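This report describes the fold of a single model, beginning with its helix and the strands around it. The structure is shown below.

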Amino acid sequence: MAWTWRFEKTDGTQVEPAVEPEEFTTQGDAESWLGEAWRDLVEGGADQVVLEEDGTTVYGPMSLHAEQAAEG
C-alpha cells in the first residue's frame with residue numbers, strides 16, 4: 001500500500017512539487033508530511049493537492065492556500 005500526493009494548479013494541471021515527497025506507508029504519514037511542507041509547495045507553484053492510495057484518489061483536490069482553506 002503506497003500513499004502519494006499529486007500536486008496541481010487551481011485548474012487541475014499537474015505540477016512538479018518544490019519539495020519532492022516520498023511514497024508513504026500510511027495516510028497519517030502522508031498528511032503529516034504535507035503539514036510540514038505545504039508552505040514550500042505553495043511557494044514552488046502548487047495550489048492544491050490530491051491524496052492517492054495506490055493510484056486511487058482518496059480525497060482532493062484540497063487547497064494549499066490557508067485563506068481559502070479557512071473559508072471553505
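The buried residues of H1 are covered by elements that include S1, S2 and S3. The model discussed here is predicted. In H1, the buried positions are Ala-30, Trp-33, Leu-34, Ala-37 and Leu-41. An α-helix has 3.6 residues a turn, so residues three or four places apart point the same way.

H1 is made up of 17 residues, and the distance from its first C-alpha to its last is 24 Å, close to the 24 Å expected at 1.5 Å a residue. The helix nevertheless contains a kink of about 60 degrees, centred on Ala-37. Just after H1, Gly-45 adopts a positive phi of about 110 degrees.

**Strand pairing**

S2 pairs with both S1 and S3, as set out in the table.

| Strand pair | Sense | Bridges | Residue pair |
|---|---|---|---|
| S1 and S2 | antiparallel | six bridges | Trp-5 and Leu-51 |
| S2 and S3 | antiparallel | five bridges | Leu-51 and Tyr-59 |

Leu-51 thus stands opposite Trp-5 and is also the bridge partner of Tyr-59 in S3. Five of the six residues of S2 are buried, so this strand is largely enclosed by the rest of the structure. The hairpin of S2 and S3 has two residues between the strands, and Asp-54 within it takes a positive phi near 50 degrees.

**The nonpolar core**

The largest nonpolar core comprises 14 residues, and those with the most contacts inside it are Trp-5, Phe-7, Trp-33, Leu-34 and Leu-41. Two or more residues each come from strand S1 (3-8), helix H1 (27-43) and strand S2 (48-53). H1 makes the greatest contribution, with five residues. In soluble globular proteins, nonpolar side chains tend to be buried together.

Which residues does Trp-33 touch, not counting those up to four places away in sequence? They are Trp-5, Phe-7, Val-19, Glu-20, Pro-21, Phe-24 and Leu-41.

**The loop between S1 and H1**

Asp-11 lies in the loop between S1 and H1. Is Asp-11 buried or exposed? Its relative accessible area is 60%, and Asp-11 is therefore exposed, the cut-off for that class being over 50%. The side chains of Asp-11 and Thr-13 are joined by a polar contact of 2.7 Å. Asp-11 and Gly-45 are 34 residues apart along the chain, and their C-alpha atoms are separated by 12 Å.

Key
Residues numbered from 1 in each chain as written. Predicted model: local features only at pLDDT ≥ 70, side-chain atom pairs only at ≥ 80, totals over all residues. Heavy atoms only, no water. Core = buried A, V, L, I, M, F, W, Y, C linked by side-chain atoms within 4.5 Å. Buried < 20%, exposed > 50% of the residue type's maximum accessible area, 1.4 Å probe, protein only. Helix = DSSP H or I, 4+ residues; strand = E, 2+ residues; numbered from the N terminus. Contact = heavy atoms within 4.5 Å. Polar contact = N/O pair within 3.5 Å; in protein donor to acceptor, adjacent residues only side chain to side chain. Pairing = 2+ DSSP bridges. Expected span 1.5 Å × (residues − 1). Bend = angle between axes of the 7 residues up to and from the residue.
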